[in-house]
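Visitor: I would like a close look at a single part of this model, together with what surrounds that part. Please take your time over the details.

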Amino acid sequence: MPKAKAGKRPERREGRAGGILFNTGAGQHILKNPLVVNSIIDKAALRRTDVILEVGPGTGNLTVKMLEKVKKVIACEIDPRLVGELQKRVQGTCLANKLEIKVGDVLKTDLPFFDACVANLPYQISSPFVFKLLLHRPFFRCAILMFQREFALRLVAKPGSKLYCRLSINTQLLARVDHLMKVGKNNFKPPPKVESSVVRIEPKNPPPPINFQEWDGLVRIAFVRKNKTLSAAFKSSAVEQLLDHNYRVHCSLHNTEIPENFKIAEKIQTVLKDTGYSEKRARSMDIDDFIRLLHGFNSEGIHFS
C-alpha cells in the first residue's frame with residue numbers, strides 16, 4: 001500500500017537581520033529606513049505629554065525615536081527575544097524610564113490608557129486590532145499604523161470602488177481614515193512579499209448613536225454578496241431563520257401578538273421595498289444608506305444582534 005501523505009505544515013519563513021533570526025511568517029519585518037521612521041513620527045504630531053501605544057516594536061527603531069519626543073511609550077511585544085533586544089537598546093540611557101514593555105498577545109489583553117497609537121503592525125492582526133482600537137475607551141487622539149497596501153486601500157475605499165467592503169464601511173462609520181504614504185518592500189529587513197502603506201485613523205468622538213452589533217449584523221448580510229441586490233441577499237434561508245428568531249424574541253419582549261400566517265420573508269421584502277433599497281447593492285451604498293435601512297428594519301421589530 002502507498003504511504004499516506006503527511007499534512008502540509010504551516011509556512012514558517014525566516015530571515016536574519018542584526019544577529020536575530022526573524023520569523024517573517026509571524027509578521028516580523030523590521031522597518032529599517034530612518035527617513036520613513038521620521039516621516040511616520042512627523043505625521044503622528046507627537047506631543048511632549050503624550051503616552052504612546054506601540055504594537056510590535058521589533059528591535060525598537062521607531063520606539064527609540066518616539067521616546068525622545070513623548071512622556072511615555074507602552075510597547076506591546078509577543079516575542080521574548082525582541083523584548084530583550086528592546087530592553088538592551090535603552091538600558092542605561094535616559095530613555096529607559098519612559099519605556100514600558102507589555103509581553104503577550106495584544107488581542108487577548110485590555111489596552112492601557114494612551115493618547116495615540118503608532119505602530120508597524122504584524123499584518124496578520126490588522127483587522128481585529130483596528131476594531132479593538134476603535135471600540136476602545138476612553139477615546140484616543142489618533143492612530144498612525146502601517147498595513148499591507150491592499151488592506152490600507154480597503155480601509156479608505158469609497159462606495160462603488162472595487163475594494164469597497166464591510167471593512168471599509170465599518171471603519172468609516174467609527175473613524176475618519178486617511179491614506180498617508182506608500183512604503184516599499186526594501187524599507188524593511190527582511191523585506192516582506194507585499195507593499196505597505198501608512199494610514200491615519202481618527203476615531204469619531206462622540207461616536208455615531210448606533211448599536212454597533214446591530215449595524216455590523218446588517219452590513220455582514222449585505223456584503224456577503226455585495227454585487228447582489230439586497231432583495232436577493234436577504235432571501236438566504238440562514239438569514240431568514242436568524243431574523244425570524246430575533247423578530248419573535250422582540251415581539252415576546254414587547255407583548256406583541258404574531259399573526260398565525262406570519263412569514264418573515266414577506267416582512268423583510270416589505271421593509272426593503274418601503275425603504276427603497278430592494279434593488280440596491282451593498283457595493284454602492286454609503287453609511288447614510290445603511291443607517292436608513294437599519295432604522296427601517298428596527299422600526300418594524302427586525303433586529304440583527
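Visitor: Which strands does helix H1 (residues 34-44) lie across?

Guide: Before turning to the helix, a word on the basis: this is a predicted model, in which local features need pLDDT of at least 70 and side-chain atom pairs count only at pLDDT 80 or more, while totals for chains, interfaces and linings use all residues. Residues are numbered from 1 along each chain as its sequence is written, and side-chain values use heavy atoms, with hydrogens and water left out.

Helix H1 lies across strand E7 (116-120), strand E8 (142-148), strand E9 and strand E11 (196-203), and runs at about 160° to E9. Helices (H or I, at least four residues) and strands (E, at least two) are here DSSP runs, numbered from the N terminus; contact means heavy atoms within 4.5 Å; and axes are lines fitted to C-alpha atoms, for helices over the stretch in contact, with angles from 0 to 180 degrees between N-to-C directions. Helix H6 also packs on the sheet, where H6 touches E9 and E11 and has a direction that makes about 120° with that of E9.

The sheet itself is open and has 7 strands in the order E6-E5-E4-E7-E8-E11-E9, with mixed pairing, two strands being paired if DSSP finds at least two bridges between them. Its edges are formed by strand E6 (99-103) and strand E9 (175-183), each of which pairs on one side only, and neighbouring strands are turned by 20° against each other on average, with direction ignored. Within this order, strand E4 (residues 51-55) and strand E5 (residues 72-77) pair in the parallel sense over 5 bridges, and Val55 has Cys76 in E5 as its bridge partner.

Cys76 leads to the cysteines. With a disulfide defined as a pair of cysteine sulfur atoms within 2.5 Å, the count is 0 disulfides. Cys117 is in no disulfide, and the nearest cysteine sulfur, that of Cys76, is 8.3 Å away. Cys117 counts as buried because its relative accessibility is 0%, and Cys251, at 3% relative accessibility, counts as buried too; buried means under 20% relative accessible area, exposed over 50%, and partly exposed in between (1.4 Å probe, protein chains only).

Turning to the aromatic side chains, a search of the whole structure finds 10 aromatic pairs, where rings of Phe, Tyr and Trp (its six-membered ring) pair if their centres lie within 6.5 Å, and planes under 30 degrees apart count as stacked, over 60 as edge-to-face and the rest as tilted. Tyr164 and Phe223 form an edge-to-face pair, because their ring centres are 5.7 Å apart and their planes stand at 70°. This pair links distant parts of the chain, 59 residues apart, with Tyr164 in the loop between helix H5 (149-156) and helix H6 (166-174), and Phe223 in helix H7 (residues 212-224). Both Tyr164 and Phe223 are buried. The rings of Tyr247 and Phe262, by contrast, are stacked, since their centres are 4.7 Å apart and their planes lie at 15°; Tyr247 sits in helix H9 (residues 237-253) and Phe262 in the loop between H9 and helix H10 (264-275), 15 residues apart. Ring pairs also link Tyr164, Trp215, Phe223 and Phe290 into a cluster.

As for the whole, the protein has 11 helices and 11 strands, and buried residues make up 49% of its 305 residues.
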